[in-house]
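Open the model in your viewer and keep the selection panel at hand. The stops below run in order, each with something to select and a note on what is there.

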Amino acid sequence: MKGRELLMIPGPIEFEPEVLQAMGIPTQSHLAPDFIETFGNSLELMREVWKSPEGQPFIVAGTGTLAMDMAAANLIEQGDRVLVISTGYFGDRFKDIMDRYGAETTILEAPIGEVVSLEAIENELKNRPYKALTFTHVDTSTGILVDPAPIAQLARQYETLSILDGVCSVAGEEIKQDEWGLDIVLTGSQKAIGVPPGLALLVASQKAIEVWGKRKTPVSNYYADWHNWLPIMKGYEERRPSYFGTPAVNLIVALETSLKIISKEGMNERVKRHQKLAKAFRTGISSLNLTILPKTTQSAANTLSAVYYPKGMDSGSFLSKIAHNNVIIAGGLLSEIKTEYFRIGHMGSVSANDLLAVLGALERVLLELGHDIDSGKCLQAFQNELLEIN
Ligand SMILES: *Cc1c(COP(=O)(O)O)cnc(C)c1O
């Protein structure tokens, strides 16, 4: 039997073969004309994915966390007030990052499976002025999807910068950075954008760049400082050789390849595919008598699902049984309920076939463990939902 594994965790994900092939080409000079074109084109294609013709894209070697760090390092000065809206583990991480740069943070934490209400956010913004607010589009620890548009609007209304952690959403969920007035939308390469780990990707609004330009104190993180990176991004986009720190050449070649695939599919189509597959998958999950963490389907992510185990399940042995079926899924991440749920990534190049394989493996393991479910029911539910047969 071929030991072919299906990687269905919320990043790194399964990558397109063309993207992996692009990684393997002989490494060029970062100043070679071909590479300058690749870098410049990648920056331009990012604007399409983010729907931000006016924004300033950054591509820097690092992970999604560096993109978060970069937003905080450049926009926040000692004593600035920041409102952190948290729907899980990664929301909380933004508080730690902001605290590190001397921000005065207030955190609004949603109960598990829920979002923070707009009313609670507005009350806080009314209460006192905030320099910025942070929120997570899809919190990968809970599978909670937040609607960014009304929060971005509140931020504008109260003259607060809006910083969206889109690590688990960019190129999977709907994003209209300029239309919605988001100041920062950031991600990492290994999630829905479909490139192996190693790139921090961020688009800043012109307002964010202005606010950064008017800082009174220097950026206290040397590597993340836009003073170092902005001229490089402008240089590559104008097809001029530029150097600050050696770009991750092969990863950027892979990024251009993936962005071209995304652009060919079209962002609207891509979002629809994610929504459709996620909805069908949730139908399959509920046919297995399993429950997802988000309390409403409206707040359920389309890029991953967080699912409670049946009562009394040993989480470690469940995950390893699934792995024996050559499907790799992730355990829980939120410390309070870490052993009570598991997570399945369904973003990027994900197809109906992948999700049928996941449902099949889940069903086999549950049947093996003596759970009272009908064989094939979840597959039928998935197919019917996908084909819109009722
Ligand atoms: C994965 C993830 C991060 C962290 O990204 P890394 O690339 O692991 O540093 C941050 N926020 C969200 C929402 C994520 O899903």
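Begin at the boundary between the two domains of this predicted model. Across the interface of domain 1 and domain 2, 14 residue pairs are in polar contact, with both residues of each pair at pLDDT 80 or more. To see which parts of domain 1 face domain 2, select α11 (267–287), β11 (304–308) and β14 (341–345); these are the elements that give two or more residues to that side. Colour α11 separately, since α11 gives the most to this side of domain 1, with seven residues. By residue class, the side of domain 1 that touches domain 2 divides into 15 nonpolar, eight polar and six charged residues.

Next, colour the chain by domain. Select 6–11 together with 267–389 for domain 1, and 17–265 for domain 2, as the domain assignment gives them. On each side, 29 residues take part in the contact: 29 from domain 1 and 29 from domain 2. A distance drawn between the two domain centres, taken over C-alpha atoms, comes to 28 Å. A surface calculation for domain 1 and domain 2 gives a buried area of about 2400 Å², and carbon and sulfur atoms supply 60% of that area.

Stay at the boundary for its charged pairs. How many salt bridges are there between domain 1 and domain 2? The count is three. Now select Arg270 and Glu265 and show their side chains: the two form a salt bridge, with 3.2 Å from N to O.

Move to the ligand. Display the residues around the ligand: there are 14, and the closest are Thr63, Thr65, Thr140, Asp165 and Lys191. Three distances can be drawn here in turn.

- Select Lys191: an N or O atom in the side chain of Lys191 is 2.6 Å from an oxygen atom of the ligand.
- Select Asp165: a polar side-chain atom of Asp165 lies 2.7 Å from a nitrogen atom of the ligand.
- Select Gly64: here a polar backbone atom of Gly64 is 2.9 Å from an oxygen atom of the ligand.

Finish with the salt bridges of the whole structure, which number 16. One of them joins the side chains of Asp99 and Lys95, at 2.7 Å from N to O. Show helix α4 (residues 89–100) as a cartoon with both side chains on: Asp99 and Lys95 are four residues apart in the helix, so about one helical turn separates them.

Conventions
Residues numbered from 1 in each chain as written. Predicted model: local features only at pLDDT ≥ 70, side-chain atom pairs only at ≥ 80, totals over all residues. Heavy atoms only, no water. Domains from an automatic or database assignment. Contact = heavy atoms within 4.5 Å. Buried area = accessible area lost by both parts, 1.4 Å probe. Salt bridge = Lys/Arg side-chain N within 4 Å of Asp/Glu carboxyl O. Polar contact = N/O pair within 3.5 Å; in protein donor to acceptor, adjacent residues only side chain to side chain. Nonpolar A, V, L, I, M, F, W, Y, C, P; charged D, E, K, R; others polar. Near = heavy atom within 4 Å.
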